[in-house]
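The exercises below concern a predicted model. Please work through each task with the sequence and coordinates at hand before reading its solution.

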Amino acid sequence: MSDKSVLLAFNNVSKRFDSSDILVDFNLDIYDGEFFTILGPSGCGKTTVLRLIAGFERTNDGVITIDGKAVNDIPAEQRPVNTVFQSYALFPHMNVEQNIAFGLKMTGVPKAEIQQRVTEALELVKLSGFEKRSPSQLSGGQKQRVAIARAVVMRPRLLLLDESLSALDHKLRQQMQMELKQMQRRLGITFVYVTHDQEEALSMSDRILVMNNGQAQQIGTPREIYEQPSNLFIARFIGEINVFDGTVIEKVNEFSYLVDIGGVSKKVRCDQRLQENDPVHVMVRPEDLRIEYLEDKPQGRSGFMGIVVERSYTGQTLDSLIDLGEGRMIQSSEFFNEDDPDFDYSIRQKVWVDWVEGWEHVIKKSAI
Ligand SMILES: Nc1ncnc2c1ncn2[C@@H]1O[C@H](COP(=O)(O)OP(=O)(O)OP(=O)(O)O)[C@@H](O)[C@H]1O
């Protein structure tokens, strides 16, 4: 993505509501043609960022540019931006065709061109043949598509989507995630999607911005965010993760260190420079743990003995809560092997817990 040009930028933007600072010196670059997601917990400022892009809110400080031009003083309707709202906001008294054509009519586009663009937009969202239906005769997913068609028919440079799938049930939502991504590819329009759902963010985005308390915590590809979270908040917000507290014993080579985790020495990889005695968090995803059903600690290996205290079968995986003693609980997620007749669902077994060196993610505690 780095060879792409910047379409939208926030340069030291601040936004206050009454006396509360919501964004302070906020910076952001969104590239032309990417599917960009703003992810964060409720109240972290995601919608505020979106509303500032759309022009529904004004900045208190700083500059927002689109295509290199400052848009701070450009009213919402003159920005090359359209928004798809969570509620879809379709006009109930207009049919599908009229809903999609509305914006074009308002801007004085000739009738024949309106017809052609509406037809194209309906094809794009796979709703050809639904022209004369009223919104009340559409399912949630179809309403969603009309809302998208109504926005893309205006040919915006940026399409903003605010929690646009949250009203749909789980299955339809997953289907729409795929469709949205495909639509974005076909259109080549930059999508800025806001959600608090990490799974949705991971599955659709080219890049994700994780926000907390009005601050950009990390920007990266879904893999970077999931595999190399830059702090504990992100690690915990993006899926489940086990966090082991450790202390650096010594450096082994440029990127690996020997770390003491509660009396167990583990060799770990870390891209950050660490010093002896540095406190660190060693993080391992549940699916990256290796579980062996052993009664005793195996000779010459560094890992942890534990006892399974809870099990949950998810269809694909068998998830376990494991007590490592001294108040340390961890979670594992093993692929369920149907062919293994000895696969044991029961609890109270002793287990040996370890992971392949390099599958951990290590951060220095001061970085939190
Ligand atoms: N018009 C407003 N007046 C005063 N405070 C506001 C206004 N709009 C938002 N806020 C406050 O700004 C903060 C960020 O709100 P925002 O809607 O951007 O969060 P969000 O991350 O989109 O949350 P959610 O996921 O719940 O929609 C919140 O504390 C909210 O109460």
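Four exercises follow, each with a worked solution.

**Exercise 1. Domain division**

Task: Determine into which domains the protein chain is divided, and state how many residues of domain 1 are in contact with domain 2.

Solution:
- Step 1. The chain splits into domain 1, residues 6-236, and domain 2, residues 240-367.
- Step 2. Taken over C-alpha atoms, the centres of domain 1 and domain 2 are separated by 39 Å.
- Step 3. Contact requires C-beta atoms, placed from the backbone, to lie within 7 Å. Seven residues of domain 1 meet seven residues of domain 2 by this criterion.
- Step 4. On the side of domain 1 that touches domain 2, helix α8 (residues 232-237) gives the most, with three residues. By class, the residues of that side of domain 1 are three nonpolar, two polar and two charged.

**Exercise 2. The annotated region**

Task: Locate the UniProt annotation "domain: ABC transporter" on the chain and describe the secondary structure over residues 8-238.

Solution:
- Step 1. The annotation comes from an unreviewed UniProt entry and covers residues 8-238.
- Step 2. Over residues 8-238, helix accounts for 36% of the chain and strand for 27%.
- Step 3. The end C-alpha atoms of this stretch lie 25 Å apart.

**Exercise 3. The open sheet**

Task: Establish the strand order of the open sheet that four strands form, and identify its edge strands.

Solution:
- Step 1. Strands of a sheet pair through backbone hydrogen bonds, in either a parallel or an antiparallel sense.
- Step 2. Here the order is β2-β1-β4-β5, with antiparallel pairing.
- Step 3. β2 (20-31) and β5 (69-70) each pair on one side only, and are the edge strands.
- Step 4. Strand β1 (residues 6-17) pairs with strand β4 (residues 61-66) over five bridges. As one bridge to check, serine 14 has aspartate 61 in β4 as its partner.

**Exercise 4. Helix α1 and the ligand**

Task: List the residues around the ligand and find which element supplies the largest share of this shell.

Solution:
- Step 1. The shell comprises Phe17, Asp18, Ile22, Gly40, Ser42, Gly43, Cys44, Gly45, Lys46, Thr47, Thr48 and His196.
- Step 2. Its division by class is three nonpolar, seven polar and two charged.
- Step 3. The largest share, three residues, belongs to α1.
- Step 4. Within helix α1 (residues 46-54), the buried residues include Lys46 and Thr48, which are also among the residues around the ligand. Val49, Leu50, Leu52 and Ile53 of α1 are buried as well.
- Step 5. After α1 comes glycine 55, with a positive phi near 95 degrees.

How values were computed
Residues numbered from 1 in each chain as written. Predicted model: local features only at pLDDT ≥ 70, side-chain atom pairs only at ≥ 80, totals over all residues. Domains from an automatic or database assignment. Contact = placed C-beta atoms within 7 Å. Helix = DSSP H or I, 4+ residues; strand = E, 2+ residues; numbered from the N terminus. Nonpolar A, V, L, I, M, F, W, Y, C, P; charged D, E, K, R; others polar. Buried ≥ 20, exposed ≤ 12 C-beta atoms within 10 Å, placed from the backbone. Near = placed C-beta within 6 Å. UniProt positions renumbered as here; feature names shortened; annotations may be inferred. Pairing = 2+ DSSP bridges.
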